[in-house]
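Me: I am new to this structure and should like to understand the terms used to describe it. Please set each value against its definition as we proceed.

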Amino acid sequence: MGGDIKEFLDGLLRYAEHLPGDKEIPFEILVLRGHLLIEDELREIVKAKFVQHDAYDLQQTKYSSLLRLAQALYGDAVPEWKWNAAQEINVIRNSIAHRLKDETIEPRLNRLFRTYRENYDTFAYTEKEPLRKLAYCLSDVHVSFLKIRT
């Protein structure tokens with residue numbers, strides 16, 4: 001980690017405040033909140049590279065643009081597969097936000113989970129726990145970007 005442990009812990013607490021592990025959260029809320037937390041972290045790490053912070057307002061910058069900017073700025077600080085996972089999370093979020101029904105969500109989730117299984121030996125959740133697996137993926141991507149900032 002680059003810097004301040006307090007900032008890192010504050011980021012974790014913010015995540016826990018919005019996605020507490022002791023509550024059952026509906027799928028849509030989990031995706032939307034997780035996506036927002038990741039998006040906020042992307043905004044922070046992109047803004048951290050600004051020389052003149054007031055020159056450009058990132059508030060209206062979309063997740064996909066923030067993700068591409070962050071990847072261009074930080075590259076190998078995050079493994080390639082995790083940048084791809086962050087993109088997949090965005091596609092899943094857009095599907096639930098813009099369509100009442102989307103048959104591609106389940107295959108996309110399965111692809112995300114498969115990516116995690118292939119890259120993490122510790123990705124131990126069973127196939128019967130998709131919400132917990134998704135929460136793990138969202139948290140892991142969030143923490144990866146949080147580590148860049150702190």
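Me: How do you know that the span of helix 5 agrees with what is expected?
Reply: The expected span of a helix is 1.5 Å times one less than its number of residues. Helix 5 has 15 residues and should therefore span 21 Å; its end C-alpha atoms are 21 Å apart, which agrees. Helices are DSSP runs of H or I with at least four residues, numbered from the N terminus. This is a predicted model, in which local features need pLDDT of at least 70 and side-chain atom pairs count only at pLDDT 80 or more, while totals for chains, interfaces and linings use all residues. Residues are numbered from 1 along each chain as its sequence is written, and side-chain values use heavy atoms, with hydrogens and water left out.

Me: Which residues of helix 5 are buried, and how do you know that they line one face?
Reply: Ile105, Leu109, Leu112, Phe113 and Tyr116 are buried in helix 5, where buried means under 20% relative accessible area, exposed over 50% and partly exposed in between (1.4 Å probe, protein chains only). Seen down the axis of helix 5, these residues fall within an arc of 95°, so they line one face of the helix. The arc is that of the directions from the helix axis to the C-beta atoms. An α-helix has 3.6 residues a turn, so residues three or four places apart point the same way.

Me: What do the buried residues of helix 5 pack against?
Reply: They pack against helix 2, helix 4 and helix 6, contact being heavy atoms within 4.5 Å.

Me: How do you know that the buried residues of helix 3 line one face?
Reply: In helix 3, the buried residues are Tyr63, Leu66, Leu67, Ala70 and Tyr74. Seen down the axis of helix 3, they fall within an arc of 100°, so they line one face of the helix. On the other side of helix 3, Arg68 and Ala72 are exposed. The buried residues of helix 3 pack against helix 2, helix 4 and helix 6. Just after helix 3, Gly75 takes a positive phi of about 40°.

Me: Why is the contact between Arg149 and Glu41 called a salt bridge?
Reply: A salt bridge is a side-chain nitrogen of Lys or Arg within 4 Å of a carboxyl oxygen of Asp or Glu. The side chains of Arg149 and Glu41 meet at 2.5 Å, N to O. Arg149 lies in helix 6 (residues 130–149) and Glu41 in helix 2 (residues 27–47), so the pair ties together parts that are 108 residues apart in sequence.

Me: Is each partner buried, exposed or partly exposed?
Reply: Arg149, with a relative accessible area of 26%, is partly exposed. Glu41 has a relative accessible area of 3% and is therefore buried.

Me: What makes Asp140 and Lys82 a salt bridge?
Reply: Their closest N and O atoms are 2.9 Å apart. Asp140 lies in helix 6 and Lys82 in helix 4 (residues 80–98), so the pair ties together parts that are 58 residues apart in sequence. Asp140 is buried at 13% relative accessible area, and Lys82 is buried at 5%.

Me: How many salt bridges does the whole structure hold?
Reply: A search of the whole structure finds eight salt bridges. Glu39, Asp40 and Arg43 are linked in a network of salt bridges. Arg43 is buried, with a relative accessible area of 9%.

Me: What makes a group of residues a nonpolar core?
Reply: A nonpolar core is a set of buried Ala, Val, Leu, Ile, Met, Phe, Trp, Tyr and Cys residues joined through side-chain atoms within 4.5 Å. The largest such core here has 33 residues, and Ile38, Leu42 and Leu112 are among those with the most contacts inside it. Helix 4 gives the most to this core, with seven residues. Ile38 touches Tyr63, Ile89, Leu138, Val141, His142 and Phe145, not counting residues up to four places away in sequence.

Me: Where is confidence lowest, and where is it highest?
Reply: Confidence is lowest in helix 1 (residues 5–18), at a mean pLDDT of 64, and highest in helix 3 (residues 63–74), at 97. The term pLDDT denotes the predictor's confidence in each residue, from 0 to 100. Where pLDDT is low, the predicted coordinates should not be read in detail. The mean pLDDT of the protein is 86, and 82% of its residues reach 70 or more.

Methods
Helix = DSSP H or I, 4+ residues; strand = E, 2+ residues; numbered from the N terminus.
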